[in-house]
Amino acid sequence: MSHRQIMEALTGLLLGLFVAILSSTIVSNALPTIIADLHASQTAYTWVITATLLAMTVSTPIWGKLADLMSKKLLIQIGLVIYVVGSCIAGLSQNAGMLIAARAVQGIGAGALTALTQTILAIMVPPRERGRYSGYMGGVFALGTIGGPLVGGAIVDTSWLGWRWCFYVGVPFAVAALVVLQKTLHLPVTRRQVKVDWLGAGLVTAAVSLLLVWVSFAGDKYAWVSWQTGAMVGGAVVLGAVFLLAERRASEPIVPLHLFRSRTIALAVTASLLIGVAMYTGTTFLSQFFQLARDDSPTMAGIMTLPMILGLAVVSMVSGRIITRTGRWKAILVLGGVLTVAGVALLGSARADSDYWLLALYMFLVGSGLGMTMQNLVLSVQNQVRPQELGAASAVVAFMRTLGGAVGVSALGSLMSTKVTRYTEDGLARLGIHAAAGDGGVPKLSALPVPVRGVVEDSFGHGIGDVFLYAAPFAALATLAIVFIKEVPLRTSTAAPVASNTPATAENTVSATN
């Protein structure tokens, strides 16, 4: 494909990716208002985010496998339609349960957009040239992350719109993506019998769901060390083991286990899992910090997080072009991991009265680190696999990153709720008020007396700072995994790599045109 043809098709892909990002970021600054309006708790706050991440997590490998078996264009259009349906239901939600269910539907559509965008780009562009196009993806990711909170905050702050428009506003972008893809994306399709590993899909869904239910309620509904913990963790482990056995026997496994024979792929997937914790922790809890610890409006909270997003956008595009020019990618990955660790650890010192310029520096470090690691971990994996397995391989990386984010947000959200409750009770006791901190609901600061309001703000500032401290070791482990990745020169064509653990057969070579 010529550069012009690639850019035309990439426009539609990036619109779809923008929609997927928008589905999670646009509610970040609006959620305190939404949850307060629906009279829900901190657990519901976390699950509005987690439901989307869970659905994205369990659907991503399915979409990725389908992409290796049938028309990628049709699949990404189906994903957009599912997203539109979920958005409309979310906008009509009357309670937290309905909103969480609608967010799960959105997540299924977003899973398609996340997995298929990477796969289609890999079909169109060889690894050596993919860096600069991946940089565009990093820029769109940053744009969606910047625009989402700002638009969401502005919608909530506009009385004649209301928070429901946070879900409706993504629909026009999805429709536009459908139209653009229909006109510009023309990939050759070779028909092939589709065999979807539904048993594997069901097992991984059950295992991940059980794990997320456990981390969401541990420390609140029951103790971290309890029979419920033993039952849920043990059940998730058993389901995971059965999933691995099923994948070994499946003719078209959701997750091809032979991919993990490659050290590069195994370590890159591990790093993606761990970096997902840092990535989603930043995008989820910073908006709460600025609104509940510093009493900023939803719109202002979006503006306050700009340093992180600008770091991600600029560094992602710059590092992508450097990789395209030099063909070297490991040094950038290692530097990105180090910057992520530094930024997340420093954000652990955040408090309600912290100087903003320091917070801005820390956020910029986090954004820069993520900009160097997210897309390039995918690139390192795609460079190692055959064309007919690009969908599954790309989806595995996205799956693990989203899984890390989903588990991380759930566990850290539960931990934050416990910490905030304890800090609030201690603060009230110092004021001579001996009372419980409440039922875990998101407070409306303007309705609180001034002394109590100060205690609540300090408690959220300290609690969210603790969340980043707990996330820092995960980023450090991700960096350690990256250090041991073996750098393999980027291929200059979309053909299969010279050395492969599973040589391509004639039938597989034909199916690569799907």
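Glu487 and Arg328 meet through their side chains in a salt bridge, with N and O 3.2 Å apart. Glu487 sits in the loop between α17 and α18, while Arg328 sits in the loop between α13 (306–326) and α14, so this pair ties together parts that are 159 residues apart in sequence. Keep in mind that you're looking at a predicted model. The structure holds 3 salt bridges, and the other two are picked up below, along with the helices, the surface and the confidence scores.

**The ends of that first salt bridge**

- Glu487 counts as partly exposed, because its relative accessibility is 23% and the buried class stops at under 20%.
- Arg328 comes out at 52% relative accessibility, so it counts as exposed, a label that needs over 50%.

**A salt-bridge network around Arg453**

- Arg453 forms a salt bridge with Asp295, and the closest N and O atoms are 2.1 Å apart.
- Arg453 belongs to helix α17 (residues 450–483) and Asp295 to the loop between α11 and α12, so here the pair ties together parts that are 158 residues apart in sequence.
- Arg453 also forms a salt bridge with Glu457, where the closest N and O atoms are 3.6 Å apart.
- Both Arg453 and Glu457 lie in helix α17, 4 residues apart, which is about one turn of the helix.
- Put the shared partners together and Asp295, Arg453 and Glu457 are joined by salt bridges into one network.
- How covered up are these residues? Arg453 is partly exposed at 25% relative accessible area, Asp295 is partly exposed at 34%, and Glu457 is buried at 16%.

**A closer look at Asp295**

- Asp295 has a positive phi of about 60°, although it is not a glycine.
- You'll find Asp295 in the loop between α11 (263–293) and α12 (298–304).

**The chain as a whole**

- What is the secondary structure made of? It comes to 18 helices and 0 strands.
- The protein chain has 514 residues, and 59% of them count as buried.
- Take the contacts between residues at least 6 apart in sequence: 85% of those join residues at least 24 apart.
- The accessible surface of the chain comes to about 19300 Å², and 67% of that belongs to carbon and sulfur atoms.

**Helix α10, checked with a ruler**

- Helix α10 covers residues 227–249, which makes 23 residues.
- Does the length add up or fall short? At 1.5 Å a residue, helix α10 should span 33 Å, and its end C-alpha atoms are 33 Å apart, so the two agree.
- The sum uses one less than the number of residues, because that is how the expected span is defined.
- Some of α10 is tucked away: its buried residues are Gln228, Thr229, Met232, Ala236, Phe243, Ala246 and Glu247.

**A nonpolar patch on the surface**

- Which residues form the nonpolar patch on the surface? They are Val81, Val85, Ile89, Leu92 and Met98, with about 390 Å² of accessible area together.
- Helix α4 (residues 72–91) gives the most to this patch, with 3 residues.
- Met98 lies in helix α5 (residues 96–124).
- Met98 is partly exposed at 31% relative accessible area, so it makes the patch cut-off of over 30%.

**Ser368, out of sight**

- Buried or exposed? Ser368 is buried, with a relative accessible area of 3%.
- Ser368 is found in helix α15 (residues 356–382).
- Setting aside neighbours within four places in sequence, Ser368 is in contact with Gly311, Leu312, Val315 and Leu339.

**How confident is the model?**

- The mean pLDDT of the chain is 81, and 89% of its residues reach 70 or more.
- Among the elements of the chain, helix α14 (residues 330–347) has the highest mean pLDDT, at 94, and helix α18 (residues 506–511) has the lowest, at 36.
- Over residues 498–514 the pLDDT stays under 50, and for that stretch the model has 32 contacts beyond four places in sequence.

Terms used: Residues are numbered from 1 along each chain as its sequence is written. This is a predicted model: local features need pLDDT of at least 70, side-chain atom pairs count only at pLDDT 80 or more; totals for chains, interfaces and linings use all residues. Side-chain values use heavy atoms; hydrogens and water are left out. Patches are made of residues with over 30% relative accessible area and no salt bridge: like charges are joined within 9 Å, nonpolar side chains (Val, Leu, Ile, Met, Phe, Trp, Tyr) within 5 Å. Accessible areas come from the Shrake-Rupley method with a 1.4 Å probe; for residues, only the protein chains shown count as cover. A salt bridge is a side-chain nitrogen of Lys or Arg within 4 Å of a carboxyl oxygen of Asp or Glu. Helices (H or I, at least four residues) and strands (E, at least two) are DSSP runs, numbered from the N terminus. Buried means under 20% relative accessible area, exposed over 50%, partly exposed in between (1.4 Å probe, protein chains only). Contact means heavy atoms within 4.5 Å. pLDDT is the predictor's confidence in each residue, from 0 to 100.
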